[in-house]
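Here's a walk through one protein model, written for someone who likes cut-offs spelled out. Have a look at the structure first, then read on.

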Amino acid sequence: MSSFGAEVRWQRDGANFADRRYSRGHLWRFDGGVEVPVSSSPHVVPLPYSVAENVDPEEAYVAALSSCHMLFFLDFASRRKIIVDSYVDAATGVMEMHDGKTVITRVELCPKVTYASTAPTAEIEAELHHAAHEACFLANSVKTEISIKLD
């Protein structure tokens, strides 16, 4: 099949590591050359040790699930000759305690799709979302409940 990689880079930069007062800011580097500044979430590690403007792994997890779903949705719509002009998803993830561990228990996708001409029926759009969910590599790889909220 396929293999995927990312380089994760962090440096102490002189901080007193033993007292836990070090930056959690780090960098993700991908094979295409894109670099993404990352940090722990300020909800998990307080400022200034987190970098609020950086992406945190929890946000990236939610975004990756949303992106995977969207890519399959677009593919399936294209195969049915349904022309999509835009797709916007304000996805959210919920982190809770489960069996004594902190986990993201739910991700809710809230896609808003705009079509070039006649929009498909609500039933066909729901079918496309269902097929996208079933095909999404990431949704098939996690235990998190993933729901799709359509108007």
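Let's start with Y87, which is buried at a relative accessible area of 13%. Buried here means under 20% relative accessible area, exposed means over 50%, and partly exposed is in between (1.4 Å probe, protein chains only). Before going further, the ground rules: this is a predicted model, where local features need pLDDT of at least 70, side-chain atom pairs count only at pLDDT 80 or more, and totals for chains, interfaces and linings use all residues. Residues are numbered from 1 along each chain as its sequence is written, and side-chain values use heavy atoms, with hydrogens and water left out.

**Aromatic pairs**

Y87 has a ring partner in F73: the two form a tilted pair, 5.5 Å centre to centre with 55 degrees between the planes. Rings of Phe, Tyr and Trp (its six-membered ring) pair if their centres lie within 6.5 Å; planes under 30 degrees apart are stacked, over 60 edge-to-face, and the rest tilted. F73 sits in helix α1 and Y87 in strand β4, so this pair ties together parts that are 14 residues apart in sequence. Helices (H or I, at least four residues) and strands (E, at least two) are DSSP runs, numbered from the N terminus. F73 is buried too, with a relative accessible area of 0%.

How many aromatic pairs does the rule give? The count comes to seven. Another of them is F72 with F76, also tilted, at 5.9 Å centre to centre and 35 degrees between the planes. Both of those residues lie in helix α1, four residues apart, or about one turn of the helix. F72 counts as buried at 17% relative accessibility. Elsewhere, W10, F17 and Y22 form one aromatic cluster.

**The core and helix α2**

The largest nonpolar core has 19 residues, and those with the most contacts inside it are F72, F73, V107, L128 and I146. A nonpolar core, by the rule used, is a set of buried Ala, Val, Leu, Ile, Met, Phe, Trp, Tyr and Cys residues joined through side-chain atoms within 4.5 Å. The elements giving two or more residues to this core are α1 (57-79), β6 (101-109), β7 (111-115) and α2 (122-135). The top contributor is α1, with seven residues. As for I146, it is in contact (heavy atoms within 4.5 Å) with L65, V107, L109, H133 and A139, leaving aside neighbours within four places in sequence.

Now for α2. This helix has 14 residues and reaches 20 Å from its first C-alpha to its last, close to the 20 Å expected at 1.5 Å a residue; the expected span is 1.5 Å times one less than the number of residues. Within α2, E125, L128, H129 and A132 are buried. They cover an arc of only 95 degrees around the axis, which puts them on the same side of α2; the arc is that of the directions from the helix axis to the C-beta atoms. What do the buried residues of α2 pack against? Their partners are α1, β4 (84-89), β7 and β8 (145-148).

**Cysteines**

There are zero disulfides, with a disulfide taken as a pair of cysteine sulfur atoms within 2.5 Å. Why does C110 have no bond to C136? The sulfur of C136 is the closest cysteine sulfur to that of C110, but at 16 Å it is too far for a bond. C110 is buried at 16%, and C136 is buried at 1%.

**Strand β3 and the loop after it**

P37 is in strand β3 (residues 35-38) and counts as partly exposed at 41% relative accessibility. Not counting residues up to four places away in sequence, P37 touches H26, L27, N54 and V55. In the loop between β3 and α1 you'll find S41, which is buried at 5% relative accessibility. With the same sequence neighbours left out, S41 touches S50, D56 and E58.

**Backbone oddities**

Most residues other than glycine have a negative phi, and most peptide bonds are trans. The exceptions worth a look are tabulated here.

| Site | Backbone value | Location |
|---|---|---|
| L47 and P48 | cis peptide bond, omega about 5 degrees | P48: loop between β3 and α1 |
| K81 | phi near 65 degrees | loop between α1 and β4 |
| D99 | phi about 55 degrees | loop between β5 (92-98) and β6 |

K81 is exposed, with a relative accessible area of 69%, and D99 is exposed at 69% as well.
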